[in-house]
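Let's take a look at one helix and a few odd spots in the backbone. Have the structure open as you read.

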Amino acid sequence: KMDAQGRIKVPTAHRRILDDYGPEVYVTSLDGTSVRIYPLEEWEKIEAKMLEPPKMLPGKVKFLRNTSYYGQLSTMDKQGRISVQPHLRSKAEVEREEVAVIGQLNFLEVWNRGRFESQLETDPFTERDAQALAELGI
């Protein structure tokens with residue numbers, strides 16, 4: 001759960017990974033349905049790619065607009081807590097709600113648990129998904 005100060009406590013397994021990067025993180029969202037927590041080093045790689053031409057692609061503009069609107073720099077404290085700004089907490093419905101913290105290779109996703117479980121039900125992993133992964137050698 002998120003605490004009254006708007007901080008999420010990162011689960012121990014994910015915290016160990018974040019510790020390798022240092023305490024600075026970038027907290028944002030693409031659309032407000034979930035919270036993304038990037039180690040600052042990983043977020044800076046994304047920013048560097050966004051600076052490459054062409055700069056005014058509609059997808060790039062939308063990505064930058066949304067991640068800037070929802071985004072903030074944050075620091076994980078010694079207890080493993082990370083602050084999430086108020087309007088993102090509200091939009092993602094994670095204020096004082098049970099949350100799911102999902103590892104996504106180079107970032108964490110924080111979801112309202114009920115919303116995430118609904119997403120799993122409405123968009124299940126299918127044979128088509130398995131085939132697409134097989135084509136990638138996974």
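## Helix H2

How far does helix H2 reach from its first C-alpha to its last? This is a predicted model, and in it H2 runs over residues 40-51 and reaches 17 Å, close to the 16 Å expected for its twelve residues.

Four residues of H2 are worth picking out: Glu42, Trp43, Ile46 and Met50 are its buried ones. They sit on the same side of H2, because they cover an arc of only 100° around the axis. In an α-helix, residues three or four places apart point the same way, as there are 3.6 residues a turn.

## What H2 packs against

The buried residues of H2 have several partners: helix H1 (12-21), strand S2 (24-28), strand S3 (35-39) and helix H3 (58-70).

Take H3. Its axis is 11 Å from that of H2, and the two helices pack at about 145° in a left-handed crossing. On the H2 side, Trp43, Ile46, Lys49 and Met50 take part, and they meet Lys60, Phe63, Leu64 and Thr67 in H3. That makes five nonpolar residues, one polar and two charged in this contact.

## Backbone oddities

Most peptide bonds are trans, and most residues other than glycine have a negative phi. Now for some exceptions. The bond from Pro53 to Pro54 is cis, with omega near -10°, and Pro54 belongs to the loop between H2 and H3.

Glu93 has a positive phi of about 55°. You'll find Glu93 in the loop between helix H4 (86-91) and strand S6 (99-103), partly exposed at 42% relative accessibility. Leu105 also has a positive phi, near 65°. Leu105 lies in the loop between S6 and strand S7 (108-112) and counts as exposed, at 92%.

Technical notes: Residues are numbered from 1 along each chain as its sequence is written. This is a predicted model: local features need pLDDT of at least 70, side-chain atom pairs count only at pLDDT 80 or more; totals for chains, interfaces and linings use all residues. Side-chain values use heavy atoms; hydrogens and water are left out. The expected span of a helix is 1.5 Å times one less than its number of residues. Buried means under 20% relative accessible area, exposed over 50%, partly exposed in between (1.4 Å probe, protein chains only). The arc is that of the directions from the helix axis to the C-beta atoms. Contact means heavy atoms within 4.5 Å. Axes are lines fitted to C-alpha atoms, for helices over the stretch in contact, and angles run from 0 to 180 degrees between N-to-C directions. A crossing is left-handed if the near helix is turned anticlockwise from the far one by less than a right angle, and right-handed if clockwise. Ala, Val, Leu, Ile, Met, Phe, Trp, Tyr, Cys and Pro count as nonpolar, Asp, Glu, Lys and Arg as charged, and the others, Gly among them, as polar.
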